[in-house]
Amino acid sequence: MAEETSWYKDAVIYELSVRGFYDADGDGGGEFRGLTLKLDYLAELGVNALWLLPFYPSPLRDDGYDISDYTNIHPAYGTLDDFKMFLDEAHRRGLRVITELVLNHTSEQHPWFLEARSSRQNPRRDWYVWSDTTDRYKRARIIFSDTELSNWAWDPVSESYYWHRFFSHQPDLNYDNPAVREAMWEVMRFWLEMGVDGMRLDAVPYLVERESTSCENLPETHDVLKSLRARADRSFPGKLLLAEANQWPRDVAAYFGAGDECQMAFHFPLMPRMFMAVRLEDRKPIVEILQSTPAIPDSCQWGLFLRNHDELTLEMVTDEERDYLRDEFARERRALLNLGIRRRLAPLMEGDRRRIELMNGLLLSLPGTPILYYGDEIGMGDNIYLGDRNGVRTPMQWNGGWNAGFSAADPERLYAPVISNPVYGYQAINVDSQRRYSHSLLSWMKQAIRIRQSTRVFGRGSMEVLDPLNHRVFAFLRELGEEKILVVSNLASQAQAAELDLRRWKGSVPIEMSGGSLFPPITERPYLLTLGPYQFYWFNLRRL
């Protein structure tokens, strides 16, 4: 039973946009019927959990994170019956489903807010945070610094200001009001009863406001999450709560509680340092952030990712590191947004297959649950000429035909144009072409995921970082019971040699996991390995 309720530790999660995945009805945007038709592809890829971006009724001013109805489906994506059919078909293929729960805010068009703004005496007035001045909560930073000048927005209807941590059309809910907490529990219960396997909790650090604080990571916020987790465990054991908290590791770890808050949380600070390590050709950025990451409860797990639907956020780095990353990865300033870089993995790696593989190799072998972003398994590009973060949310590229095989609609009707440049365009980068040969990125990703899934060490094992003299080589050992896996990566663009102190495993033979090749046995002497540019090895250490 314990293993069943901790399924997320052995998962490989695939994040996707319903609108961007496959259009079955030819209206220019994907829907649940289209997604259902592509479930075999996802099962074939080897992932075993799907994280869906918001699909609820919404004005779509923030790609669905501005929700106007928490318990229904956006008409463009289908109906609740379509969702239920998708859910059943996903479960039939062994795919778990994680949905979004946007706790912090609603759309300004949500009926709750329409009531709250209609009158200062309305019963739902206190469901949101209001003020007659903008002098409250001065210490709270502005998150969307490129578009918002204040965390307060003027409401001409009720002639007062309302609080928002993100866009001004997304008013924050008031979690000091018990009715709000109860309403959000009812939303959770609605989807959990339907059978979803988990929920990603969006923007959880900002639920509660207090004067003279940053209004982030407050004790009262943790009280809200503990209450929701306790109710979920009582009624729906084994369901996952995944916290989105873009904070330093010590602050994020608090969202695990004592194992009684969220079972998973994203490790945001690790992600930019993986990019930094490859650009600097030095393991130091990764090692330092791992050393500053506190221990977490046994039942909990970090969520790891390279890219997702947002910009590559640079909030959790120093000013000097941020300047360096911007100079190296966003030389075209149009790629910058807020404090981040709005690009996909392949363009960030300049299309270098070796670096793309190395980054995915690290993602799949570091402690935590890896999360892949749709299209990255084939090396999709982006469109930085689209507004906001929409450039990394373009249609999935299925084949080299009409609209990249995404939709039969006229191209003008697509919710976003397909990528069509000579490097990342759908004629060159698509699923069908990569299915045809065994050395494609897609085929490589399938094999890497299959190796990851062949053992529980990667998802549940301990980690010990080794310290070879060559700083361009990053080596660590993952261990679970009698099983030991050695990971050695060359972060440099040139071939490297490294001597590893493996004396404790004297007599073991390293077996390379992708091909089963036996390497020389480990002895008392330093173990010498040579690695090509950006090459990495996963070795199973066995006594033969």
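**Burial, ring pairs, domains and salt bridges**

Reader: Is Thr36 buried or exposed?

Author: In this predicted model, the relative accessible area of Thr36 is 14%. The limit for burial is under 20%. Thr36 therefore counts as buried.

Reader: Which residues is Thr36 in contact with, leaving aside its neighbours within four places in sequence?

Author: Thr36 is found in helix H3, which covers residues 32-37. With the neighbours within four places in sequence left aside, the contacts of Thr36 are Phe86 and Glu89.

Reader: Phe86 is also an aromatic residue in a cluster; which residues do the ring pairs link with it?

Author: The cluster is held together by ring pairs. A pair requires ring centres within 6.5 Å. Besides Phe86, the cluster comprises Phe32, Phe55, Tyr56, Phe83, Phe190 and Trp191.

Reader: How many aromatic pairs are there, and what is the geometry of the pair of Tyr137 and Trp163?

Author: The count comes to 44 aromatic pairs. For Tyr137 and Trp163, the ring centres are 5.1 Å apart and the planes stand at 75 degrees. Planes over 60 degrees apart fall in one class, so the pair of Tyr137 and Trp163 is edge-to-face.

Reader: How many residues apart in sequence are the parts that Tyr137 and Trp163 tie together?

Author: Both Tyr137 and Trp163 are buried. Tyr137 belongs to the loop between strand S4 (130-131) and strand S5 (152-155), whereas Trp163 belongs to strand S6 (residues 160-163). The pair therefore ties together parts whose separation in sequence, in residues, is 26.

Reader: To which class does the aromatic pair of Phe536 and Trp538 belong?

Author: The rings of Phe536 and Trp538 are 5.8 Å apart, centre to centre, with 50 degrees between the planes. Phe536 is buried at 17% relative accessibility, and Trp538 is buried with a relative accessible area of 5%. An angle that is neither under 30 nor over 60 degrees leaves one class, so the pair of Phe536 and Trp538 is tilted.

Reader: Over the face of which rings do Arg125 and Arg279 lie?

Author: Arg279 is placed at 4.6 Å from the ring centre of Phe329. Arg125 is placed at 3.6 Å from the ring centre of Trp130. The ring under Arg279 is thus that of Phe329, and the ring under Arg125 is that of Trp130.

Reader: What area is buried between domain 1 and domain 2?

Author: The chain is divided into domain 1 (10-105 + 177-453), domain 2 (111-163) and domain 3 (461-543). The C-alpha centres of domain 1 and domain 2 lie 29 Å apart, and 22 residues of domain 1 contact 16 residues of domain 2. Carbon and sulfur atoms give 53% of the area buried between domain 1 and domain 2, which in total is about 1600 Å².

Reader: Which residues of domain 1 lose the most area to domain 2?

Author: Three residues together account for 31% of what the domain 1 side buries. They are Glu209, Glu211 and Asn338.

Reader: How many salt bridges does the rule find across the interface of domain 1 and domain 2?

Author: Side chains of opposite charge can pair when their charged atoms come close. A search of the whole structure finds 51 salt bridges. Across the interface of domain 1 and domain 2, the number found is one.

Reader: What are the N to O distances in the salt bridges of Glu216 with Arg165 and with Arg141?

Author: Glu216 lies in the loop between strand S7 (198-202) and helix H8 (219-235), and Arg165 in the loop between S6 and helix H7 (178-194), 51 residues apart. Glu216 is buried at 10% relative accessibility, and Arg165 is buried at 0%. The closest N and O atoms of Glu216 and Arg165 are 3.2 Å apart. For Arg141 and Glu216, the N to O distance is 2.7 Å.

Reader: Are Lys506 and Glu524, which meet in a salt bridge, buried or partly exposed?

Author: The side chains of Lys506 and Glu524 meet at 3.7 Å, N to O. Lys506 lies in the loop between strand S18 (496-500) and strand S19 (509-512), and Glu524 in the loop between S19 and strand S20 (527-531), so the pair ties together parts 18 residues apart in sequence. The relative accessible area is 43% for Lys506 and 47% for Glu524. Lys506 is therefore partly exposed, and Glu524 is likewise partly exposed.

Reader: Which residues are joined into one network by salt bridges that share partners?

Author: The network is formed through shared salt-bridge partners. Its members are Arg19, Asp62, Asp63, Asp310, Asp388, Arg389 and Arg393.

Conventions. Residues are numbered from 1 along each chain as its sequence is written. This is a predicted model: local features need pLDDT of at least 70, side-chain atom pairs count only at pLDDT 80 or more; totals for chains, interfaces and linings use all residues. Side-chain values use heavy atoms; hydrogens and water are left out. Rings of Phe, Tyr and Trp (its six-membered ring) pair if their centres lie within 6.5 Å; planes under 30 degrees apart count as stacked, over 60 as edge-to-face and the rest as tilted. Helices (H or I, at least four residues) and strands (E, at least two) are DSSP runs, numbered from the N terminus. Buried means under 20% relative accessible area, exposed over 50%, partly exposed in between (1.4 Å probe, protein chains only). A charge sits over a ring if NZ of Lys or CZ of Arg is within 6 Å of the ring centre and within 35 degrees of the ring normal. Domain bounds come from an automatic or database domain assignment. Contact means heavy atoms within 4.5 Å. Buried area is the accessible area (1.4 Å probe) that two parts lose on being put together, summed over both. A salt bridge is a side-chain nitrogen of Lys or Arg within 4 Å of a carboxyl oxygen of Asp or Glu.
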